[in-house]
Amino acid sequence: MDRLSNNEALLSCAILHTMVHNVRNVALIDLMVVLCTDRAIRQRIPRYSTYSDFVRGESRFENALNRKFKEMQPMIVNAMTMLLMSGMINNLEDNEVDLSWEGSRLAFEATDIDSMAVKDVYTASDHLVSLIADMDTACLYNDLRIVL
């Protein structure tokens with residue numbers, strides 16, 4: 001499998017796993033996928049015990065985070081498009097998406113993938129969801145100093 005397809009497959013797994021946690025806002029999914037799939041960031045995420053720790057720690061890497069965020073956008077759009085076209089996710093109103101029954105099944109089956117990268121992404125995603133629970137997406141982008 002070529003590098004681009006491998007990246008989009010990992011991003012698709014990350015998107016589905018993020019959505020299992022009832023994250024439906026496309027902007028939040030986008031940011032969470034960047035944070036959880038970048039190796040350096042996902043290795044730091046388990047060290048944070050609070051939202052404040054997370055923001056303080058990651059905002060130090062503002063330039064790198066913004067560069068990674070911009071670089072990953074085409075691949076995230078491709079992964080989201082493939083998931084939408086294959087019926088794994090459905091469009092909702094107000095920039096939200098939802099898992100279809102097939103998407104839920106695939107997300108569940110993907111937990112058995114024998115890949116350290118996928119397992120690390122899932123672990124980071126699970127912890128990140130607990131850190132940012134109930135946070136407004138715009139505040140999260142502002143706190144991390146993401147430039148759109």
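In which helix is arginine 44 found? In this predicted model, arginine 44 belongs to helix H3, which covers residues 39-44. Buried or exposed, then? Arginine 44 has a relative accessible area of 13%, and since the cut-off for buried is under 20%, arginine 44 counts as buried. As for its partners, setting aside neighbours within four places in sequence, arginine 44 is in contact with Glu58 and Phe61.

Now for the empty space. The second largest pocket comes out at a volume of about 180 Å³. Its lining is made up of 13 residues, and Val26, Ile76, Val77, Met80 and Thr81 are the ones that lie nearest the centre. Sorted by character, the lining has nine nonpolar residues, three polar ones and one that is charged.

Where does that lining come from? At least two residues each are supplied by helix H2 (26-37), helix H5 (62-85) and strand S1 (89-91). Of the contributors, H5 gives the most, putting six residues into the lining of the second largest pocket.

A word on confidence. The mean pLDDT of the protein is 92, with 96% of the residues at 70 or more. Residues 1-5 are another matter: pLDDT stays under 50 over this stretch. For residues 1-5, the model has two contacts beyond four places in sequence.

How values were computed
Residues are numbered from 1 along each chain as its sequence is written. This is a predicted model: local features need pLDDT of at least 70, side-chain atom pairs count only at pLDDT 80 or more; totals for chains, interfaces and linings use all residues. Side-chain values use heavy atoms; hydrogens and water are left out. On a 1 Å grid over the protein atoms alone, a cavity is a set of points where a 1.4 Å probe fits but cannot get out, and a pocket is an open set with protein on both sides within 12 Å along at least five of seven lines; lining residues have an atom within 4 Å of a point. Grid points are joined across faces, edges and corners, and a volume is the space filled by probe spheres set on the points. Helices (H or I, at least four residues) and strands (E, at least two) are DSSP runs, numbered from the N terminus. Ala, Val, Leu, Ile, Met, Phe, Trp, Tyr, Cys and Pro count as nonpolar, Asp, Glu, Lys and Arg as charged, and the others, Gly among them, as polar. Buried means under 20% relative accessible area, exposed over 50%, partly exposed in between (1.4 Å probe, protein chains only). Contact means heavy atoms within 4.5 Å. pLDDT is the predictor's confidence in each residue, from 0 to 100.
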